[in-house]
Amino acid sequence: MILEKINKPNDIKALDPIEYNQLADEIRQFLIENISKTGGHLASNLGVVELTMALHLVFNLPQDKLIWDVGHQAYTHKILTGRKNQFDQLRKFGGMSGFPKRNESHYDAFDTGHSSTSISAGLGYVSARDIKKEHYSVISVIGDGALTGGMAYEALNNASQVNGNFIIVLNDNNMSISKNVGGVSKMLGEIRASNSYYDLKEGVTNTLYKMPMGSVIVDKIKKTKSNIKQLIVPNQMFEGMGITYLGPVDGHDIEKLIKIFKVAKRIDHAVLVHVVTQKGHGYRPAERNPSKYHGIAPFDIKTGNVLKNENGKSYSEVFSEAVCKLAKKDAKIAAITAAMPDGTGLAKFSRWYPERFFDVGIAEAHAVTFSAGLAAGGLKPVFAVYSSFLQRAYDQILHDVCIQQLHVVFAIDRAGLVGSDGETHQGIFDLSYLSNIPNMTVFAPKNAWELEVGLEFGLEEYNGPFALRYPRGTAVTAFEEFKQPIVYGEAEVMYYEKDIALLAVGSMVETADIVRKNLKAQGYSVTLINARFVKPIDESAVFKCGREHNLIVTMEENVISGGFGESVCQLVSDLQLPVRVLNISLPDDYIEHGSVDILRCEAGIDAETVTERIISFYENIVL
Ligand SMILES: Cc1ncc(C[n+]2csc(CCOP(=O)(O)OP(=O)(O)O)c2C)c(N)n1
Ligand SMILES: CC(=O)[C@@H](O)[C@H](O)COP(=O)(O)O
Ligand SMILES: [Mg+2]
C-alpha cells in the first residue's frame with residue numbers, strides 16, 4: 001500500500017513517480033470506504049485526486065498557499081497533509097471539518113464553505129506577499145460551478161492588474177451540484193470540445209522570454225513532442241483581461257498536470273490553468289450520477305444506495321409540491337434558484353414549468369435583483385434559497401426588493417442548524433438579518449401544513465416582500481389539530497393558561513410543545529403560542545401574555561442578536577409590561593459541525609435543557 005507511506009505533510013514528495021497512479025487509486029478507495037460510512041462530499045473529491053497530488057508535488061506547502069473554492073473538494077488535500085486518520089470522524093461533532101479550516105491545519109490557507117471566494121482571497125495573499133517582499137506561490141482552485149458566481153469576476157477583473165505570479169486553477173468537471181448552467185459553462189464546453197489545439201502561443205512565449213531562464217523553458221517546450229505544446233490553447237476571455245490561459249489539460253494525468261503547473265509557476269502575473277476532470281471519477285455510481293453523490297449520506301458501496309432513508313417528507317419536498325400546485329393555478333408564479341434545484345426542491349418545478357424556471361448559477365445577489373425585476377414586470381417570483389447563502393444578498397433584498405416593496409417571495413430552506421456542514425452553512429442569522437429590513441415580512445411555519453398555507457398566503461394573499469424560513473430535514477407533521485387560518489401579523493395561540501407563556505418560532509414550536517408537557521408535569525400552568533410572524537411581531541399577543549403571565553419565554557433557532565427574543569424584549573419594555581422575559585436562542589457565535597441533535601444540546605436549546613432553564617429562572621423570579 002502506497003497510502004501507508006503518506007502519514008505527514010509532504011510525504012508524497014518522497015514517492016517514486018511510478019507510484020503516483022497507484023496512490024491515486026488507493027486514495028479513491030480510501031475516500032469511497034470512509035465516506036460510505038460517514039457521509040460527505042464524495043463526487044467532487046473523487047474528481048480532484050490527481051489534481052491535488054500534482055499541486056502537492058509541485059508546490060511547497062505550507063509556504064505556498066493553496067486555496068480551495070467552496071472547500072468541499074479538499075479531502076485529498078487533508079489526506080496529504082497528515083489528516084488521514086481523522087476521516088472516521090469527518091463532519092462529526094468534535095471531529096474533522098468537511099471544509100478547509102485554518103485552525104485545523106496550517107496547510108489550510110483560507111477557510112471556505114460558500115462559493116466563489118478563492119480568487120479574491122488568493123489575490124489578497126498575493127498582494128500581501130508582494131508588499132512584504134515575500135516569496136511564495138499562491139494557488140486558488142475554483143470549480144466551473146463556482147466560476148458562475150459574480151465574486152469570481154470581480155476578483156478576475158482585479159487579478160488582471162497583479163504584477164507577481166498568481167495561479168488560478170479552474171477545475172472544470174462540467175458540473176455544479178446539478179448540471180452547470182449559463183454562458184460561462186457554454187464557453188468552457190466549447191473549449192473542452194475543441195479539437196484544434198494550438199501550438200505554444202505567442203503571448204505565453206513572450207511572457208516566458210521576459211523571465212530569467214525563460215528562453216530555455218520556451219526552447220524546451222518547443223522541443224517537447226507531446227503534452228505541453230498541445231495543452232496550450234488561446235482563450236479570448238481570460239487573455240483579453242490580461243490573464244494568461246494555459247490548458248485545457250487532462251486532470252487525471254498527473255504527469256501533464258505537473259508539467260503545466262511548473263510552467264504556470266514561472267509566469268510573472270495572473271495565470272489560469274484550465275484542468276478538465278470528471279466528477280465522481282473512479283466510482284461508477286458517482287460517475288453516472290454525480291449530483292446524487294455530490295453530498296451523500298452513508299451508503300452501501302456495492303449498490304450505491306443510501307443506507308438510512310429519512311422517514312417522511314422533508315420541508316424541501318413539501319415546498320416543492322406546494323409551489324408546483326400553486327403554479328398550476330397561477331401562471332404568474334415563477335421560481336428561481338441559485339444552482340440548487342435539487343436541494344431546494346425546485347427540480348420538479350423546472351420540469352413542469354421550464355419557461356417559468358430560472359437557475360441563475362451560484363449567484364444569490366443576482367437572483368434577488370433578478371427576482372425584483374420579475375416582480376416589477378408583473379410576475380410573482382419565488383426565490384428558493386438556503387438561509388446561509390442568502391446572506392450574500394443582503395443589500396439586494398434591502399435595496400432592490402424592500403425599498404420598492406416588490407412582491408418577491410423568499411423560500412428560505414436550511415434555516416436553523418443544518419448539522420455536518422458546520423459554521424459556514426448554519427442558517428442561524430436570517431431572522432436577524434431579515435427582521436431589521438423595513439417592509440420585509442418574516443414567517444416561520446411550525447409544520448408541513450403551515451409551510452403550504454404560508455406559501456399560498458405569501459403568494460396569493462399578500463403583496464410585498466415575504467420570507468418563509470424552514471429547517472433542513474424531515475417536516476413536522478404533528479399539530480394536525482392546530483390549523484387556524486393565517487391572518488397577517490397574527491400569532492397562533494395553541495394553549496392558553498397562565499404562569500408561563502412560551503412564544504416559539506417555527507422549528508422551536510415542536511420543542512416548546514415538549515417543554516410545555518414537561519412543565520405541566522411539574523405543576524406549572526403554561527401557554528403555548530406559535531409566533532408564525534417574526535416580523536411584524538404580534539404585538540397584541542405579546543401584550544396579553546405580558547399582562548397575564550409571570551414569565552414569557554421566547555424560543556427560536558437563530559442567534560440571540562437581532563432575533564425574535566430581542567424584539568419581544570424591546571416590545572415588553574416599550575409597552576411597560578409587568579413580566580419577565582427569558583430568551584432561548586443560539587449564542588452570539590458560530591456553531592461548528594456535528595449532528596443537529598448534538599448541536600441543539602450543546603447550545604442549550606433542546607427540550608430538556610430548556611425545561612431546566614425555565615424552572616430555574618422561574619424560581620428566581622421575585623413575584
Ligand atoms: C454561495 C454559495 N451558494 C451555493 C453553494 C452550494 N454549492 C456548494 S458546491 C456547489 C457547486 C460547485 O460547483 P463547482 O465549483 O463546479 O465544484 P464541483 O462540485 O463541481 O467540484 C454549490 C452550488 C455554496 N457553497 N455557496
Ligand atoms: C458544499 C455545499 O455548500 C453544499 O454541497 C451543501 O453541503 C449542501 O447541503 P445540503 O446537504 O443541506 O443540501
Ligand atoms: Mg464543477
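With 623 residues, a compact globule would have a radius of gyration near 25 Å, and the protein chain agrees, having 27 Å. That radius is taken over C-alpha atoms, and the globule rule is 2.2 Å times the number of residues to the power 0.38. Please keep in mind that this is a predicted model: local features need pLDDT of at least 70 and side-chain atom pairs count only at pLDDT 80 or more, while totals for chains, interfaces and linings use all residues. Residues are numbered from 1 along each chain as its sequence is written, and chains are lettered from A and ligands numbered from 1 in the order in which they are written.

**The whole chain**

Along its principal axes, the C-alpha trace spans about 90 × 55 × 50 Å. The protein chain holds 26 helices and 17 strands; these are DSSP runs numbered from the N terminus, helices being H or I with at least four residues and strands E with at least two. Of the 623 residues, 52% count as buried. Buried means that 20 or more other C-beta atoms, placed from the backbone, lie within 10 Å of the residue's own; exposed means 12 or fewer, and partly exposed is in between.

Two residues are in contact if their C-beta atoms, placed from the backbone, lie within 7 Å. Among contacts between residues at least 6 apart in sequence, 77% join residues at least 24 apart.

**Domains**

The domain assignment gives domain 1 (3–198 + 233–288), domain 2 (315–469) and domain 3 (492–619); such bounds come from an automatic or database assignment. The C-alpha centres of domain 1 and domain 3 lie 45 Å apart. Five residues of domain 1 are in contact with four residues of domain 3. On the domain 1 side of that meeting there are one nonpolar, two polar and two charged residues. Here Ala, Val, Leu, Ile, Met, Phe, Trp, Tyr, Cys and Pro count as nonpolar, Asp, Glu, Lys and Arg as charged, and the others, Gly among them, as polar.

**Around ligand 2**

Which residues are around ligand 2? They are V70, H72, I177, H294, G295, G343, R414, V418, D421 and R472, where near means that the C-beta atom, placed from the backbone, lies within 6 Å. By class, this shell has three nonpolar, four polar and three charged residues. Domain 1 and domain 2 both give residues to the shell, so ligand 2 lies between them.

**Annotated positions**

An unreviewed UniProt entry lists D144 and N173 under "binding site". Although spread over 30 residues of sequence, they cluster in space, with a largest C-alpha distance of 6.8 Å. UniProt positions follow the numbering used here, feature names are shortened, and annotations may be inferred rather than shown by experiment. Another "binding site" annotation in the unreviewed entry covers several residues, including G113 and N173.

Let us look at three of these residues side by side.

| Residue | Loop between | Other C-beta atoms within 10 Å |
|---|---|---|
| D144 | β2 (138–143) and α6 (150–159) | 23, buried |
| N173 | β3 (166–172) and α7 (183–193) | 24, buried |
| G113 | α4 (75–83) and α5 (118–131) | 19, partly exposed |

Leaving aside neighbours within four places in sequence, D144 is in contact with residues including L170, N173 and S185. With the same kind of neighbours set aside, N173 touches G47, D144, T277, Q278 and K279. The contacts of G113 beyond four places in sequence include V70 and D421, two residues that also appear around ligand 2.
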